[in-house]
Amino acid sequence: MPKPKVASIFWTERSLQNAISIKEYLISNFSTKEVDRFYSILQSFEIAVCAFPELYPESSVRKNIRRAVLSKVLSAYYRLHKGKIEVIALLDNRCDISQWI
């Protein structure tokens with residue numbers, strides 16, 4: 001089994017705004033249990049992608065962008081850039097992503 005790589009992760013301003021918007025939506029429409037689950041999903045994603053940066057497949061539209069499906073309704077888009085993992089966006093899978101990519 002190959003030894004996992006450990007890379008640093010960087011969240012862009014856009015991805016942080018996406019996370020804040022999702023959190024606000026969850027707070028206003030659901031219980032704190034869903035907010036806690038959202039944070040747990042993000043933490044699991046960070047651990048996995050830091051250890052294995054090429055774990056998730058490349059986008060068919062843009063070769064340097066990778067899409068990680070975190071849950072039924074949540075995906076993270078990231079790229080490997082200058083030795084770091086750069087999270088570009090968090091998106092709801094139910095929306096039309098063609099305008100984002």
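Reader: In which sense do β1 and strand β4 pair, parallel or antiparallel?
Author: In this predicted model, β1 and strand β4, residues 84–92, are joined over four bridges. One pair is I9 with its bridge partner I85 in β4. The sense of the β1 and β4 pairing is parallel.

Reader: What is the order of the strands in the open sheet?
Author: The chain has two helices and four strands, and along the sequence the pattern is β-α-α-β-β-β. The sheet is open and its pairing is mixed. From one strand to the next the twist averages 35 degrees. The order of the four strands is β1-β4-β3-β2.

Reader: Which strands stand at the edges of the sheet?
Author: An edge strand here has a single partner strand, so one of its sides is left without a neighbour in the sheet. The two strands in that position span 8–11 and 65–71. They are β1 and β2.

Reader: Is β2 largely enclosed or left open by the rest of the structure?
Author: β2 has one side without a neighbour in the sheet, because it has a single partner strand. Buried residues are those under 20% relative accessible area, and five of the seven residues of β2 are buried. Therefore β2 is largely enclosed.

Reader: How many bridges join β2 to β3?
Author: A hairpin through two residues joins β2 to β3. Within the pair, A68 stands opposite A76 in β3. The two strands run antiparallel, and the number of bridges is six.

Reader: What angle does the direction of helix α2 make with that of β1?
Author: Helix α1, residues 13–29, packs on the sheet by touching β1, β3 and β4, and its direction makes about 35 degrees with that of β4. Helix α2, residues 32–51, also packs on the sheet, with β1, β2, β3 and β4 touched. The angle between the directions of α2 and β1 is about 135 degrees.

Reader: How far apart are the end C-alpha atoms of α2, and does that agree or disagree with its expected span?
Author: α2 has 20 residues, and at 1.5 Å a residue they should span 28 Å. The expected span and the distance in the model agree. The end C-alpha atoms are apart by 29 Å.

Reader: Which element gives the most to the largest nonpolar core?
Author: The core has 20 residues, and F38, F45, A68, L70, L74, Y78 and L90 touch the most other members. At least two residues come from each of α1, α2, β2, β3 and β4. In α2, the buried residues include F38, I41, L42 and F45, and the buried residues of this helix pack against β1, α1, β2, β3 and β4. The element that gives the most, with six residues, is α2.

Reader: Which residues is A68 in contact with, leaving aside its neighbours within four places in sequence?
Author: A68 is one of the core residues that touch the most other members. Its partner opposite in β3, A76, is among its contacts. The full list is F45, Y56, L74, S75, A76 and Y78.

Reader: Is D92 buried, partly exposed or exposed?
Author: D92 is found in strand β4. C-alpha to C-alpha, D92 is 6.5 Å from S75, although the two are 17 residues apart in sequence. The relative accessible area of D92 is 28%, and buried would require under 20%. D92 is therefore partly exposed.

Reader: Where in the chain is confidence highest?
Author: The mean pLDDT of the chain is 86, with 86% of its residues at 70 or more. Confidence is lowest in α1, at a mean of 91, and highest, at 94, in α2.

Notes:
Residues are numbered from 1 along each chain as its sequence is written. This is a predicted model: local features need pLDDT of at least 70, side-chain atom pairs count only at pLDDT 80 or more; totals for chains, interfaces and linings use all residues. Side-chain values use heavy atoms; hydrogens and water are left out. Two strands pair if DSSP finds at least two bridges between them. Axes are lines fitted to C-alpha atoms, for helices over the stretch in contact, and angles run from 0 to 180 degrees between N-to-C directions. Contact means heavy atoms within 4.5 Å. A nonpolar core is a set of buried Ala, Val, Leu, Ile, Met, Phe, Trp, Tyr and Cys residues joined through side-chain atoms within 4.5 Å. Buried means under 20% relative accessible area, exposed over 50%, partly exposed in between (1.4 Å probe, protein chains only). The expected span of a helix is 1.5 Å times one less than its number of residues. pLDDT is the predictor's confidence in each residue, from 0 to 100.
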